[in-house]
Amino acid sequence: MPGEDIFQPLGEALMWMVALEDLVMAHCGSYVQQRDADVDGAMLPGIRYARNAMVHGELVVSTVSASGGAVLGAAVLGAFSLGEGPSVRWKARTSIGFTPRFASSPSVLQQEQSYDNEITGRNVLPLLSAALAFLHHAAGT
C-alpha cells in the first residue's frame, strides 16, 4: 500500500508535534489565541486529529497517500503532471475511517475543521516543517 513505509516515522513525528504543543500550551497562557490567529499555527489542531487517528483509531489507518510523480518507473499514467516529483500528501478526512470518541466536542470539531481546511491534500513534510517553525516561535526558541 502506498505510504506504508512512512507510517511509523510519521506517527512518531505526529506524537512529538502534539507533545511539543502540549508543553507550549501549558506554559503560555495566550498560546491558543496565538495559534488560531496564525496561518501555520492553525494547522496544529488538524495535526492533533491526524495523530489521534493514527493512535486511537479502531483500525490503524494511513493518513497519507503517496504518488510517484513523473519519475521514470514510478509514474502512473493519468496520475501525474509533467515535472511533478514524488510526493506524499494528506488524505481527505472522510477517507481515513476514524471516528473520535467525543465526536461532537468543540475541540474535536476544531480539529476536524483544521484537518479539512489546512491539511487535506497538502504535502506532508512542508506542512510539518511550517507547524514546527510556529511551535518554535510560540515557545520563544
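Helix 1 and helix 5 run roughly parallel to each other, since their axes meet at an angle of about 20° and anything under 35 degrees counts as roughly parallel. Keep in mind that this is a predicted model. The protein chain has 141 residues, with five helices and two strands. Here's a quick tour, starting with that helix pair and moving on to helix 3 and a few residues of helix 5.

**The overall layout**

- Reading from the N terminus, the elements go α-α-α-β-β-α-α.
- Buried residues account for 35% of the 141 residues in the chain.
- If you take contacts between residues at least 6 apart in sequence, 72% of them link residues at least 24 apart.

**Helix 1 against helix 5**

- The axes of helix 1 and helix 5 are 10 Å apart, and the two helices make a left-handed crossing.
- On the helix 1 side, the contact uses Leu10, Leu14, Met17, Leu20, Glu21 and Val24.
- Facing them from helix 5 are Val124, Leu128, Ala131, Leu132, Leu135, Ala138 and Ala139.
- What kinds of residues make up the contact of helix 1 with helix 5? Sorted by class, there are twelve nonpolar residues, no polar ones and one charged one.

**Helix 1 against helix 3**

- Helix 1 (residues 7–27) also packs with helix 3 (residues 44–56), and their axes come within 9 Å and cross at roughly 130°.
- That angle makes helix 1 oblique to helix 3.
- The crossing of helix 1 with helix 3 is left-handed.
- Helix 1 brings Phe7, Leu10, Gly11, Leu14, Met15, Met17, Val18, Glu21, Asp22 and Met25 to this contact, while helix 3 brings Leu44, Ile47, Arg48, Ala50, Arg51, Met54 and Val55.
- The mix here is twelve nonpolar, one polar and four charged residues.
- Some helix 1 residues turn up on both lists: Leu10, Leu14, Met17 and Glu21 meet helix 3 and also meet helix 5.

**Helix 3 on the inside**

- Helix 3 has 13 residues and spans 17 Å from its first C-alpha to its last, close to the 18 Å expected at 1.5 Å a residue.
- How many of the 13 residues of helix 3 are buried? Eleven of them are, so the helix is largely enclosed by the rest of the structure.
- The buried residues are Leu44, Pro45, Gly46, Ile47, Arg48, Tyr49, Ala50, Arg51, Asn52, Ala53 and Met54.
- Several elements help cover them, including helix 1, helix 2 (31–37), strand 2 (87–90), helix 4 (106–119) and helix 5 (124–139).

**Three residues to find in helix 5**

- Phe134 sits in helix 5 and is buried, with a relative accessible area of 4%.
- Which residues does Phe134 touch, leaving out those up to four places away in sequence? Its contacts are Tyr31, Gln34, Arg35, Asp38, Asp40, Gly41 and Leu44.
- One of those, Arg35, is 99 residues from Phe134 along the chain, yet their C-alpha atoms are separated by 8.1 Å.
- Another of the residues Phe134 touches is Leu44, which is one of the buried residues of helix 3.
- Val124 also lies in helix 5. With a relative accessibility of 5%, Val124 counts as buried.
- The C-alpha atoms of Val124 and Ser87 are separated by 8.2 Å, with their positions 37 residues apart along the chain.
- Is His136, another helix 5 residue, buried or partly exposed? His136 has 41% relative accessibility, so it counts as partly exposed.
- His136 and Glu21 are 115 residues apart along the chain, and their C-alpha atoms are separated by 9.7 Å.
- Glu21 is a helix 1 residue that meets helix 5.

Technical notes: Residues numbered from 1 in each chain as written. Predicted model: local features only at pLDDT ≥ 70, side-chain atom pairs only at ≥ 80, totals over all residues. Heavy atoms only, no water. Axes fitted to C-alpha atoms, helices over the stretch in contact; angles between N-to-C directions. Helix = DSSP H or I, 4+ residues; strand = E, 2+ residues; numbered from the N terminus. Parallel < 35°, antiparallel > 145°, perpendicular 65-115°, else oblique. Left-handed = near helix turned anticlockwise from the far one by under 90°. Contact = heavy atoms within 4.5 Å. Nonpolar A, V, L, I, M, F, W, Y, C, P; charged D, E, K, R; others polar. Expected span 1.5 Å × (residues − 1). Buried < 20%, exposed > 50% of the residue type's maximum accessible area, 1.4 Å probe, protein only.
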